[in-house]
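Dear colleague,

I am passing on the structure we spoke about, with the sequence alongside. Could you look through it together with the notes below?

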Amino acid sequence: MRLRRTLPTLAASVALAATATACGSSGGGTGGSTTQDLKGQSLTVAAVWSGTEQENFKKVLDVFTAKTGATVSYTSTGDNLSTVVGSKIEGNDPMDVVMVAQPGVIKQFADKGWLAPLSPAVTDTAKKNYAGIWSSLGTVNGTQYGLYFKAADKSTVWYNPTAFQNAGIQPPTTFDDLLKAGRTLSDSGTPAFSVAGQAGWPLTDWFENIYLSQAGPELYDKLTKHEIPWTDPSVGKALTTLGKVFGDRQLVAGGGQGALQTDFPTSVQQVFGPQPKAAMTYEGDFVGGVIASELKKQVGTDAKVFPFPAVDGGKAPVMGAGDAAVVLKGAKHPEAAQKLVEFLAGPEAAAVWAKAGGFISPNKAVDPSIYPDDTTRQFAKSVIDAGDAFRFDMSDQAPAAFGGTAGQGEWKDLQDFLANPSDVQGAAAKLEADAAKAYKG
C-alpha cells in the first residue's frame with residue numbers, strides 16, 4: 001500500500017518548492033488566537049512524509065507552536081509507519097500524534113487498543129468544517145479516532161493539449177465519449193493512453209473509478225467491505241467496461257503487454273516527455289508533481305487535466321485518498337495532542353500548506369484563493385463539491401494481502417486481466433477467491 005504513496009511523494013518532493021508563509025487568519029483549532037496555554041509541553045509527531053512534504057508540514061507545526069507555546073518534534077517513518085509506531089508502543093514510548101493514510105490502518109490501530117478517541121472539541125470542529133464522509137473514514141465502531149487533514153483526488157485524467165489540438169477534440173465528459181476521443185487520437189497518429197500496469201495499483205484505481213460511477217456508491221461501499229462478492233454482476237459489468245480500454249490496442253500504447261512493462265513515472269513521461277507516445281494517462285492529482293519536477297513542464301499549460309468521465313449515465317466519480325491525524329493512547333501530553341489535532345481540523349493549518357503547493361484539503365472552510373494555481377483549485381473544488389459522495393480508494397480499505405501487495409491479490413489479478421481482458425468471468429472469479437482469503441485472514 002505504501003508503494004503508491006512513495007512514488008508520487010518522491011516525484012513531488014523536488015517539484016513543489018514554493019515558499020509557505022504562516023497564515024495569520026483565525027479559525028480552527030486552539031481557538032484561533034495566540035494563547036501560549038501549552039508552553040513547556042513537548043509533542044512528538046510522526047508521518048510518512050519526507051522532502052518538501054516534510055518541510056511544509058513542519059511549517060504547519062511551527063504555526064501551532066507559535067499559537068500555543070508547545071514544541072513539536074517530527075519523525076519521518078518512511079514506508080514503515082505501522083512498524084515504527086508498533087515498536088514505540090511496545091517500548092512504552094508512544095508518539096503523541098501520527099498521520100495515517102488508510103482507514104484500514106486506523107481500524108487496525110484502534111482494534112489493537114493503540115488509539116485515544118478524539119476529543120469533543122476535535123469532532124465538533126470536524127462536523128463544522130468537513131463533509132460527514134471524512135469523519136466516517138476516521139471512525140471505528142462508533143468512535144472517531146482519525147481526523148483527515150490532507151486529501152488526494154484520484155479521479156483525474158491528464159492529457160497532452162497539443163495532441164488534443166492536433167486531433168481536433170475536447171476533453172470528454174462520458175466514458176463513451178472518452179473511447180471515441182481515444183480512437184480519434186489514434187487515427188491522428190497518437191495512441192490514446194499510456195497505462196501504468198507494471199505495479200498493479202494504478203489498475204485498481206482504473207477499476208474503482210469505473211465501478212463507482214457505473215454501480216454507484218452503495219454497491220461501492222459493499223464491495224469495499226466484501227459484503228458482496230467480486231463475482232457479483234456489477235463487477236463483471238465494470239470489468240467489461242474496463243476491457244473496452246485494456247483490450248483495444250488502438251487505445252493503449254504498446255497494448256496490454258507494453259502496459260505491463262510501464263511503471264508509473266514512465267506512464268507520465270510517455271505523455272509529457274520530449275517524444276510523446278500517448279495522449280493521456282490516468283492517475284491522481286500527484287501526476288502534476290512528476291510533470292513539474294522530472295519533466296520540467298508547466299501544469300495547466302503543457303499538461304492539462306479533466307475529471308474521470310461518467311460511465312453509463314452514472315455520476316462522474318470522485319475517488320481519492322488522504323492522511324488522517326490520530327492520537328496514540330499513552331501519549332505523554334494527551335491534552336496538547338488533542339489541541340494539535342483540533343488545530344489541524346481548522347482552516348488555518350490547511351492554509352499554511354495549501355499556500356506552499358502540493359496539497360489539497362477536504363476542509364470546506366479553506367479559502368480556495370489560497371491555492372497557488374487553478375489546477376490545484378480544481379482538485380480541491382472537486383473533493384469539496386463531492387461532499388458525502390466522495391469515496392476513499394477501495395483497495396486502500398481492503399486487507400493488504402488483497403488490496404496493497406505487489407504480485408498478489410487485486411494488483412496481480414488486474415494485471416492478468418490487462419493481459420487478457422476478454423476473460424471477464426475468470427478475472428472476477430480470481431478476484432473473489434483472493435478477496436475471500438484475505439478478508440477471512
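The notes that follow deal with helix packing, then with one further helix, and finally with two loop residues.

Please bear in mind throughout that this is a predicted model.

Helix packing around α9

Helix α9, residues 201-215, packs against helix α11, residues 233-246, at an angle of about 125 degrees, and their axes are 9 Å apart. That angle makes α9 oblique to α11, and the crossing of these two helices is right-handed. On the α9 side the contact is made by L203, W206, F207, I210, Y211, Q214 and A215, which meet S234, V235, K237, A238, L239, T241, L242, V245 and F246 of α11. Sorted by class, the residues in this contact comprise 12 nonpolar, three polar and one charged. When reading the α9 list, it may help to recall that an α-helix has 3.6 residues a turn, so residues three or four places apart point the same way.

Helix α9 also packs against helix α10, residues 217-224, here at an angle of about 135 degrees and with the axes 6 Å apart, which makes α9 oblique to α10. From α9 the residues involved are F207, E208, Y211, L212 and A215, while α10 contributes P217, L219, Y220 and L223. By class, this contact of α9 with α10 has eight nonpolar residues, one charged residue and no polar ones.

Helix α2

Helix α2 covers residues 51-68, and at 1.5 Å a residue its 18 residues should span 26 Å, which agrees with the 26 Å that separates its end C-alpha atoms. Buried residues in α2 are T52, E53, N56, F57, V60, L61, V63, F64, K67 and T68. Just after α2 comes G69, which takes a positive phi of about 90 degrees.

Two loop residues with positive phi

Which residues other than glycine have a positive phi near 60 or near 50 degrees? N92 has a phi near 60 degrees, and N141 has a phi near 50 degrees. N92 lies in the loop between α3 (81-90) and β3 (97-100), and because its relative accessibility is 67%, N92 counts as exposed. N141, for its part, sits in the loop between β5 (139-140) and β6 (143-144), and with a relative accessibility of 74% N141 likewise counts as exposed, the cut-off for that term being over 50%.

With best wishes

Methods
Residues are numbered from 1 along each chain as its sequence is written. This is a predicted model: local features need pLDDT of at least 70, side-chain atom pairs count only at pLDDT 80 or more; totals for chains, interfaces and linings use all residues. Side-chain values use heavy atoms; hydrogens and water are left out. Axes are lines fitted to C-alpha atoms, for helices over the stretch in contact, and angles run from 0 to 180 degrees between N-to-C directions. Helices (H or I, at least four residues) and strands (E, at least two) are DSSP runs, numbered from the N terminus. Angles under 35 degrees count as roughly parallel, over 145 as roughly antiparallel, 65 to 115 as roughly perpendicular and the rest as oblique. A crossing is left-handed if the near helix is turned anticlockwise from the far one by less than a right angle, and right-handed if clockwise. Contact means heavy atoms within 4.5 Å. Ala, Val, Leu, Ile, Met, Phe, Trp, Tyr, Cys and Pro count as nonpolar, Asp, Glu, Lys and Arg as charged, and the others, Gly among them, as polar. The expected span of a helix is 1.5 Å times one less than its number of residues. Buried means under 20% relative accessible area, exposed over 50%, partly exposed in between (1.4 Å probe, protein chains only).
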